[in-house]
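The following paragraphs lead the reader through a single structure, beginning with its sheet and continuing to its helices.

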Amino acid sequence: MQLGMIGLGRMGGNIVRRLMRNGHSCVVYDRSADAVSTLVKEGATGSGGLKEFVAELKAPKIVWVMLPAGKITHDTIVELSNLLGRGDILIDGGNSKYHDDIAHAELLSAKGITFVDVGTSGGVWGLERGYCMMIGGAKEAVDHLDPIFSTLAPGKGNIEKTPGREGRDPRVENGYIHAGPAGAGHFTKMVHNGIEYGVMQAYAEGFDILRNCAKPDIPENRRYKLNLADLAEVWRRGSVIASWLLDLTAIALAEDEDLKEFTGHVDDSGEGRWTIEAAIEEAVPADVLTAALYTRFRSRQDHTYAEKILSAMRKQFGGHQEPGSH
């Protein structure tokens with residue numbers, strides 16, 4: 001199947017690579033000519049602008065936009081709305097706010113173009129592990145795109161089947177779901193990221209407590225010098241708190257238990273804030289998720305070891321660098 005990808009950053013480029021490795025053809029565009037030429041060398045068809053990009057696609061044209069949420073994504077979708085035609089499909093696979101998806105779906109629908117939003121989880125590991133995807137849009141379009149989604153998804157792997165799932169959508173066991181109409185994909189991914197904040201914060205605070213029990217003001221008979229890297233490793237194996245985030249924490253701690261590379265400055269990319277906004281709108285208590293978000297705000301003023309753990313996890317799963325680092 002042919003797909004056009006706009007935005008060749010940490011995830012967009014690897015999505016293209018995973019598709020091409022599995023027999024799909026890709027047309028690519030990015031403002032960085034170097035990013036385009038790199039993928040052309042790997043088998044993609046390059047383009048120097050949006051008009052040329054669209055012209056290289058066969059109808060019905062499938063375009064995946066993988067750009068930062070907000071103005072750049074909106075402006076690109078508006079421009080594409082004047083270049084694509086009836087029957088074409090435009091996918092927003094970034095971290096856009098679901099309110100924007102609804103507006104974009106209406107804009108494109110008026111021109112006969114179908115909009116699909118894909119909440120994409122997998123970060124810099126997605127090329128090898130695959131991407132967990134939460135998809136919003138019309139059933140007909142999502143079904144048409146299934147060869148793309150099934151290729152990008154992680155697959156069943158070695159995860160045991162959940163009892164009682166007979167008769168349910170088998171796609172979810174492969175790591176992707178048609179969550180609902182336009183916006184539902186990014187809404188569910190938004191809440192996924194809000195949960196991620198809370199889980200990361202729990203690990204971060206726990207490791208901070210473990211580290212600080214060796215402080216001089218703790219009574220000597222309760223002063224433990226614990227091996228945090230080994231604790232993270234043992235918890236990965238049979239513990240009820242095992243998870244991929246713990247796997248990534250173990251990697252970071254094995255590299256440097258003091259996390260000297262990190263200051264503890266923890267950014268947030270927006271989804272945590274939007275999750276709290278949704279909780280307020282729905283009058284749903286979200287104590288843990290709200291506290292985790294506020295801790296990220298505080299981290300930009302005063303850093304603890306917990307924030308270093310958070311920063312290390314973000315680098316491991318998403319390739320996120322702290323501001324000013326290289």
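In this predicted model, eight strands form an open sheet with mixed pairing, and their order is E3-E2-E1-E4-E5-E6-E7-E8. The two edges are occupied by strand E3 (45-46) and strand E8 (176-180), each of which pairs on one side only. In general, strands of a sheet are paired through backbone hydrogen bonds, in either a parallel or an antiparallel sense. At the edge formed by E3, the neighbouring strand E2 (residues 25-29) runs parallel to E3 and is joined to E3 by two bridges. Within this pairing, valine 28 has glycine 46 of E3 as its bridge partner.

Helix H4 (residues 71-81) lies across four strands of the model, namely strand E1 (2-6), strand E4 (62-65), strand E5 (89-92) and strand E6 (114-121). Relative to E5, helix H4 runs at about 175 degrees.

A further packing arrangement involves two helices. The axes of helix H9 (residues 184-212) and helix H11 (residues 244-255) come within 11 Å of each other and cross at roughly 40 degrees. H9 is therefore oblique to H11, and the crossing of these two helices is right-handed.

Which residues of H9 and H11 meet? On the side of H9, the participants are Glu196, Val199, Met200, Tyr203 and Phe207, and they meet Leu245, Leu246, Thr249 and Leu253 in H11. By class, the residues of this contact comprise seven nonpolar, one polar and one charged.

Technical notes:
Residues are numbered from 1 along each chain as its sequence is written. This is a predicted model: local features need pLDDT of at least 70, side-chain atom pairs count only at pLDDT 80 or more; totals for chains, interfaces and linings use all residues. Side-chain values use heavy atoms; hydrogens and water are left out. Axes are lines fitted to C-alpha atoms, for helices over the stretch in contact, and angles run from 0 to 180 degrees between N-to-C directions. Angles under 35 degrees count as roughly parallel, over 145 as roughly antiparallel, 65 to 115 as roughly perpendicular and the rest as oblique. A crossing is left-handed if the near helix is turned anticlockwise from the far one by less than a right angle, and right-handed if clockwise. Contact means heavy atoms within 4.5 Å. Ala, Val, Leu, Ile, Met, Phe, Trp, Tyr, Cys and Pro count as nonpolar, Asp, Glu, Lys and Arg as charged, and the others, Gly among them, as polar. Two strands pair if DSSP finds at least two bridges between them.
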